[in-house]
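Here is a friendly walk through one helix pairing and the nonpolar cores around it. Keep the view open as you read.

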Amino acid sequence: MAHKLLKGVRSAKKSSLKKQFKQDKEKKRQKAAQKAKREEERDENPLAGLKKWQKKAIRQEAAAQAAAAAQAAAEKPSPWMLVAAFLSDRVESAAEAPSPGQSSQRSQKEKKLAKKEARQQAHQQRQHRELYAGSGRVLLVGEGNFSFARALCEVRGSGDGIYASAFDGEATLKRKYPDAVELQKQVEEKGGTTLLNVDATKLHKVREFRDAFSIILWNFPHLGAGEKDVEKNNDLHRKLLSAFFMSALRCLDEQGTVHVAMKEGEPYKSWKIVQLAKVSTDGVLQLQKVVPFSLSAWPGYEHRRTRGFNERFSKKDNEELAKGAKVYVFARSQGNAEAEQDAEDE
C-alpha cells in the first residue's frame with residue numbers, strides 16, 4: 001500500500017522504538033525458556049497447560065470415539081453381505097465407466113498435471129517464505145489493513161523483530177480499512193510492533209530507523225491518486241519509488257536488503273523499478289534476485305488498494321495478484337546481471 005500525498009514530513013511514533021529494540025533479545029530468551037518449560041510439562045502430562053474446556057472437549061471426543069467403535073463392531077455386516085455389495089459395485093462401475101484405455105490415459109494426464117502444479121506452487125511458497133526466514137529486524141512500509149504483517153508473524157511463529165507501518169493515521173486507517181484495528185492488535189499480541197503516520201519516502205527522518213533493519217519491504221506501492229494521464233501517472237510513481245529507495249538505503253544494516261512486490265504487466269513495467277533503484281542510489285542498490293509472489297505462502301493475507309476497502313473491487317484484488325506478481329530484491333552487493341536482464345525483458 002502507498003499513500004496519496006508525498007508533501008510534508010510524517011514521522012513514526014518513536015517513543016517506544018528504542019526501548020523495543022533493547023527488549024528484542026530479552027523477549028526471545030524468555031520465550032525460549034517458556035517454550036522449553038511447556039514442552040517438559042507436556043511430556044509428563046499431555047493435558048498440562050490446557051484450559052478446562054479444552055480438557056473437557058478432549059475427554060468427550062475420546063468417549064465419543066469409543067462409543068462409535070463399539071457401535072461399528074456391533075453393526076459389522078456379515079461376509080455374505082460384503083460380497084454382494086462388492087459384486088453390485090463392480091457391475092455398476094463396468095456399465096458406467098469408459099473404455100479402459102481412455103480412462104487410463106485421461107487419469108494419467110490429469111495426475112501428472114496436478115502433480116506438476118502442486119510442485120510448482122510448493123516451490124514458489126518456499127522461495128517466498130525463505131526471503132523472511134531469518135531473525136533480523138523487518139520493516140514493512142505501506143501496510144494497508146496489516147493482514148500481511150499478521151501472516152508474516154504466523155509463518156515466522158513470532159512477531160519479534162517485525163515492525164509494520166502504515167502511512168495513514170488512526171482515524172483514516174479505521175475509515176479506509178475496517179478490519180485494520182483487529183489485525184493490528186493480533187500483530188502486537190504476537191510480539192510485533194505496529195506504527196502509524198510513517199512516510200515510506202522519509203524513513204531516515206526517524207532516528208531509530210537508521211542502520212536498523214535487515215529487510216525493508218513494500219508490497220505493491222501505489223499512490224492511489226487516480227491520475228488519468230498515463231505518462232504523468234508513471235512519472236509520479238517513478239518519483240515515489242526513487243524517494244523510497246534513497247530513504248530505505250539509509251535504514252539498512254550492513255547486509256540489509258530492500259524488497260518491493262509489484263504486479264506484472266502495465267503500468268508497473270513502465271516504472272522501470274530496476275533502473276530506478278540504481279539511479280536513485282548512485283548505483284549502490286543492485287538487483288539481487290526476483291521471486292514470484294506466492295499468495296498461498298501467506299494464509300490470511302488480503303491485498304488492499306491504497307484508496308481503501310471497496311465491496312465491489314477489494315474481494316477481487318487477490319485474484320489480480322494470482323495472475324502474476326513478483327518480489328524484487330535489491331542489495332548493496334553487485335547485482336545479478338542475469339536476473340536484471342530477465343526482469344527488464346519482461
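## A pair of helices

Helix 8 and helix 9 cross in a right-handed way (the near helix is turned clockwise from the far one by less than a right angle; helices are DSSP runs of H or I with at least four residues, and strands are E runs of at least two, numbered from the N terminus). This is a predicted model, in which local features need pLDDT of at least 70 and side-chain atom pairs pLDDT 80 or more, while totals for chains, interfaces and linings use all residues. Residues are numbered from 1 along each chain as its sequence is written, and side-chain values use heavy atoms, without hydrogens and water.

On the helix 8 side, the contact (heavy atoms within 4.5 Å) is made by Arg-238, Leu-241, Ser-242, Phe-245 and Met-246, and helix 9 brings Ile-273, Leu-276, Ala-277 and Ser-280.

## The nonpolar cores

The largest nonpolar core (buried Ala, Val, Leu, Ile, Met, Phe, Trp, Tyr and Cys residues joined through side-chain atoms within 4.5 Å, where buried means under 20% relative accessible area with a 1.4 Å probe, protein chains only) has 37 residues. Leu-203, Phe-209, Ile-216, Phe-244 and Phe-245 have the most contacts inside this core. Among the elements that each supply at least two residues are helix 1, strand 4 and helix 9, but helix 8 gives the most, with 6 residues.

Look next at Ile-216: beyond its neighbours within four places in sequence, its contacts include Leu-139, Leu-203, Phe-244 and Val-258. A second, separate core has 32 residues, including Tyr-132 and Trp-298.

Note on methods:
Buried < 20%, exposed > 50% of the residue type's maximum accessible area, 1.4 Å probe, protein only.
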